[in-house]
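Student: I would like a close look at a single part of this protein. Please take the disulfide and the cysteines, and then place them in the rest of the chain.

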Amino acid sequence: MTDPAEREEAHLPAPSIGPIGFAVGVVVVLVGLIVNPLWISTIGAAIAVIFGILWAREASAELRRSHVAPEPELREAGVGDAPAVPANVGEAAMPEPEPGERFPRSKFLEASTLGLGAVIGGVVTVPVAGFAVLPAFLGQKRHEVDLGPVSDLAEGQWYIATFMTDPKEGETSRRTAFVRNNGSVQSGGAQVPSFTIISNRCAHLGCPVQANGPMGKTKKETTANGPIQLHETQPAGFGCPCHGGQYDTEGNRTAGPPVRGLDRYDFEIKNGRLVLLSMYSVAKVEGTGAQAKIHKYKLAGPGEHVDGVEQILYPLNPPHH
Ligand code: FES
C-alpha cells in the first residue's frame, strides 16, 4: 500500500530544464543581435534549438506517460479507478478522460497551447532575427568610394567632397567628407601618400558639420561611384549648425556638446586614385597633417564616448555599416 503523499509525488511531472534552457537561448540571441550578431546570436540560437527539442521531447514523453496504465502498486490500491485519487492532486485536478477517450482534454489543451505559442513566437521572431543575423553571415559589403586621381587634389588644399557610397541606392547614400592632401610621409622605409579625410557627421547627434571658411572652385568628376564634387575650401575649423559644436581642422572637439572628435575614413591609393574605405571613430588627434597621432577606435554612434571612464556606459555597440 502506497502512502498518499508518495502517490502525489508520482503524479507530479519531473522538473525540466528544457524551458529554462530555451529561455536562456532566446536571451542570448537577443543580446547577440546587439553585441555580435554572427557569433553570440548563433550560439544563442543553437542553445534555444537544443533545449527546445529537449522540451518538446519531455512534453511528448509526459503526454505518453499520462496514457499508460496505473502502476501496479497504485492499481492494487484501486488508484487506476479514478475515484480513489484525490480530486485536487496534480493532474487529477483536471477532468477525467471520458471512457474511450484516447487523449485527456487537459493534455490536448496544454499541448495545443504550447504548440500555438511556439508557432506565434516563431512567426514573430524568425523574420526579425533573420534580417538582423543573416547579413552578418552573408558578409557586409564594403563600400569603397573612388574620389578620382590623386593628382587632382593639390597638396595642402582642403576639399569638401560629396559622393555616393552606393550608386544603386542613389542620393540616399550621399555623404560628405573633408579631404586634405598632406603630401607624402615616411613609412616602413618608403614614402607613402598621406591624406586627412574627416567625416562631416557631428559627434554629438549626427548633424552635418560645415567648414568654417570661404569656398573656392568646384571640380566635378564621374567615377565608379557616380558624380563626385570637390569644392575647394579654406577652413579655420568645422562647426555644427545644430547645437554649436566646434572642431579644429584635425576634427578635435574645441567647444559645444560633442563628446569626441569627428570620425575619419581609412583610405588607399589604387592605380593612382584616392579610394575611401571604412570609417572609424577618433577620441582625439595630436599633431597635424601627415604627423598627426590619431587615437583611433571602432566606429561608434554619435554621442558615444570611445575613451575615458564614460566609455563603460556604451558597452553594447550596434553594428554600423
Ligand atoms: S548635433 Fe552637432 S552639436 Fe549637436
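Tutor: Cys242 has a relative accessible area of 37%, which lies between the cut-offs of 20% and 50%, so Cys242 counts as partly exposed. This is a predicted model, and each value here is computed from it. The partner of Cys242 is Cys207, and the two sulfur atoms are 1.9 Å apart. Cys207 is buried, because its relative accessible area of 18% is under 20%. The bond therefore joins a buried residue to a partly exposed one. The torsion about the S-S bond is about -90 degrees, so the disulfide is left-handed.

Both ends of the bond sit in loops. Cys207 is in the loop between S4 and strand S5 (210-211), while Cys242 is in the loop between strand S8 (238-239) and strand S9 (246-247). The two cysteines are 35 residues apart, and the pair links distant parts of the chain. The structure holds one disulfide. Two further cysteines can be set beside this pair: Cys202 is buried at a relative accessible area of 2%, and Cys240 is also buried, at 6%.

Now for the surroundings. The protein chain has five helices and 13 strands, and 34% of its 321 residues are buried. S4 (190-199), the strand before the loop of Cys207, is among the elements that give two or more residues to the largest nonpolar core. This core has 16 residues, and those touching the most other members include Phe195, Ile197 and Leu147. S2 (158-164) gives the most to the core, with three residues. A second, separate core of 13 residues includes Trp158, Phe178, Ile198 and Ala211.

Leu147 shows how the larger core is put together. Leaving out residues up to four places away in sequence, the residues that Leu147 touches include Phe163, Val179, Leu274 and Leu276. S1 (145-149) also gives two or more residues to this core, and four of the five residues of S1 are buried. S1 pairs with S12 in the antiparallel sense over three bridges, and Val145 stands opposite Leu276 in S12.

Links between distant positions are not limited to the disulfide. Among contacts between residues at least 6 apart in sequence, 52% join residues at least 24 apart. As for the outside, the protein chain exposes about 18,600 Å², and carbon and sulfur atoms supply 62% of that area.

Terms used. Residues are numbered from 1 along each chain as its sequence is written. This is a predicted model: local features need pLDDT of at least 70, side-chain atom pairs count only at pLDDT 80 or more; totals for chains, interfaces and linings use all residues. Side-chain values use heavy atoms; hydrogens and water are left out. Buried means under 20% relative accessible area, exposed over 50%, partly exposed in between (1.4 Å probe, protein chains only). Contact means heavy atoms within 4.5 Å. Accessible areas come from the Shrake-Rupley method with a 1.4 Å probe; for residues, only the protein chains shown count as cover. A nonpolar core is a set of buried Ala, Val, Leu, Ile, Met, Phe, Trp, Tyr and Cys residues joined through side-chain atoms within 4.5 Å. Two strands pair if DSSP finds at least two bridges between them. A disulfide is a pair of cysteine sulfur atoms within 2.5 Å.
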